[in-house]
Amino acid sequence: MASQLQGFLSRFSRTRYHTRYLPSSVSLFQFSTLQVTSNPLMDEPTDNQIKRPSNFNERDVLYQLSGLLPICCNTSISKPFTENSPKEQLKTRAVDGFLSPGEKLRGVFIQRLRGKAAIELALTNVGIDLTIDIVSEVVNRGNLGGEAMVIFFNWAVKQPTIPEDVDTYNVIIKALGRRKFIEFIVEVLKDMHIQGISPNYETLSIVMDSFIKARQVSKAIEMFRNLEEFGGKCDTESLNVLLQCLCQRSHVGAANLFFNAMKGGIPFNCMTYNIIIGGWSKYGKIGEMERCLKAMVADGFSPNCLTFSHLIEGLGRAGRIDDAVEVFHHMEEKGCVPNAGVYNAMISNFISTRDFDECLKYYNFMVSSNCDPNMDTYTKLIVAFLKARKVADALEMLDEMVGRGMIPTTGAITSFIEPLCQYGPPHAAMMIYKKARKVGCRISLSAYKLLLMRLSRFGKCGMLLNLWDEMQESGYSSDTEVYEYVINGLCNIGQLDTAVLVMEESLRKGFCPSRLIRSKLNNKLLASNKVEMAYKLFLKIKVARQNDNARRFWRGNGWHF
């Protein structure tokens, strides 16, 4: 045992982790004017030094540790570990108490256990109240492989709190499709069929979109033909789902070919033709649109508002605005009264030509015709006004939207704030932010960061600190980027003491701001003759950087401590 311990310590001494506190008569730091010899043991390790040496054998180290710390091998899977006292159980739980339930469950797969029984037992021993939200968090976050995701899901559906229905299966299918694990999607579909669960149209949409996103269009079409093997039906609605996924992923040519191949096999409806016309309209293919429209009329279907909106949009993309206007004015003659979608298509055409007078003309015509604008109408107009730097018109349109009782979505508010944070002072962006909060709209974290960045650049620290507090009240936690904006803003107005306090708070929470922000604060402190404060902050930053480098090294090896 002594020889093994000595050999392991000699190996450990050759790594980058040396004794941190060494006696020295002179404190070594970057502000000292003394010319002293640098001690390599006290210097901060570089990024190259934290890399594992080529002769470092992880398996050998683990073997040495297993000799020093022997573990009884008589334990069996059928006898899980149990603590003898509540204190020991509390001590075990305190180790991973800072982890979320999803992180605890994903951590089971870091252990690289062998066998499904061992993995399922470890998942059970985590001891959490499993919900569908936790299942979604586990499979959607992190970097689990396809096999690990399927093993976890098969264990999850066995738990009494998880319903074994089609909505639950849609969660795992969508997660697998997002990472392009196509073969595991087929495996899950087979398990659904064995369990007697038939896929619905949402399931079919997720599967088809996953295949097409992975550039496996032929397999998506083959899957559609073999739907009955998985409990589905090859009917008109299923065909529309496939064609819609193909057109959304810019495979309108393949959609048109399959559409022609299915003539006479599966009955079409008006939506089937509209999907193909809408796919061609995105590219301004007027000839293909007209050909499909003639086939639609010949099949006994009359064009509706969705058809005309696609035609108007396609004519606009082809640069034929006058023809789009003519189609719009002849709609009522053909027995179709324009709805909000048709007006939105006309407004979008004039936005593309930056003719805002015509945009407002059709908007007013829309309101006077007793056609209520929808959220898409206001979003198009406000974003267009903001990009054209017509801020007053955008704010007026926002007030009108709120006056009609429409609450902007979180994404809409972010799209409003983003262009405003690219030019001019932050006053208009803050006005939109306040209006949105007043009507109860939830602000996204990216919108908060945009506002903090703009306020920091203009030195509006009073507003910046208030916004920071409101961001935390909304449930968002601060990260490195947020702390950098706050510190930068405080430095810009000379509030160095407060900036140091914010920097220390970020270091305590494990966030190390960028070199640019650290250098800026350091130079400001030195220029203000606060050398002692700068030196103390330097020591704290040095320790924080060492911890951050060590954390990166351990996490790079899959060890989350």
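A nonpolar core is a set of buried Ala, Val, Leu, Ile, Met, Phe, Trp, Tyr and Cys residues joined through side-chain atoms within 4.5 Å. With that term in hand, here is a set of close-ups of this predicted model.

**Figure 1. The whole chain, before zooming in, has 29 helices and zero strands.** The protein chain has 561 residues, and 41% of them count as buried. Among contacts with a separation of 6 or more, 65% join residues that are 24 or more positions apart.

**Figure 2. Phe416 and Leu521 touch the most other members of the largest nonpolar core.** This core holds 164 residues. Its biggest contribution comes from helix H7 (residues 146-156), which gives eight residues. In soluble globular proteins, nonpolar side chains tend to be buried together. Let us look around Phe416: beyond its neighbours within four places in sequence, Phe416 is in contact with Thr379, Ile382, Val383, Leu386, Leu398, Met401 and Ile432.

**Figure 3. Helix H7 meets helix H8 (residues 166-178), with axes that come within 11 Å.** The two axes cross at roughly 170 degrees, so H7 is roughly antiparallel to H8. On the H7 side, the contact is made by Gly146, Met149, Val150 and Phe153. Facing them in the contact, H8 supplies Thr168, Tyr169, Ile172, Ala175 and Leu176. Sorted by type, the residues of this contact are seven nonpolar, two polar and no charged.

**Figure 4. Val325, in helix H17 (residues 321-329), touches Tyr362.** Residues up to four places away in sequence are not counted here, and the other partners of Val325 are Met346 and Phe350. Asn349 can serve as a landmark: its C-alpha atom is separated from that of Val325 by 9.8 Å, though the two residues are 24 residues apart along the chain.

**Figure 5. Tyr362 sits in helix H19 (residues 356-368).** Is Tyr362 buried or exposed? Its relative accessible area is 4%, so Tyr362 counts as buried. Apart from neighbours within four places in sequence, Tyr362 is in contact with Val325, Phe328, His329, Tyr343, Met346, Ile347 and Phe350. The C-alpha atoms of Tyr362 and Asn344 are separated by 9.0 Å, and these two residues are 18 residues apart along the chain.

**Figure 6. Cys491 and Cys512 are shown in a structure that holds zero disulfides.** Why does Cys491 not form a bond with Cys461? The sulfur of Cys461 is the closest cysteine sulfur to that of Cys491, but the separation of 8.9 Å is too far for a bond; a disulfide needs the two sulfur atoms within 2.5 Å. Cys491 is buried, with a relative accessible area of 2%. Cys512 is also buried, and its relative accessible area is 18%.

**Figure 7. Ser250 lies in the loop between helix H12 (236-248) and helix H13 (252-261).** Most residues other than glycine have a negative phi. Ser250, although not a glycine, has a positive phi of about 65 degrees. With a relative accessible area of 46%, Ser250 is partly exposed.

**Figure 8. Asn370 lies in the loop between H19 and helix H20 (375-387).** This view takes us just past the helix of Figure 5. Here too the phi is positive: Asn370 has a value of about 60 degrees and is not a glycine. Asn370 counts as exposed, at 72% relative accessibility.

Key
Residues numbered from 1 in each chain as written. Predicted model: local features only at pLDDT ≥ 70, side-chain atom pairs only at ≥ 80, totals over all residues. Heavy atoms only, no water. Buried < 20%, exposed > 50% of the residue type's maximum accessible area, 1.4 Å probe, protein only. Helix = DSSP H or I, 4+ residues; strand = E, 2+ residues; numbered from the N terminus. Contact = heavy atoms within 4.5 Å. Axes fitted to C-alpha atoms, helices over the stretch in contact; angles between N-to-C directions. Parallel < 35°, antiparallel > 145°, perpendicular 65-115°, else oblique. Nonpolar A, V, L, I, M, F, W, Y, C, P; charged D, E, K, R; others polar.
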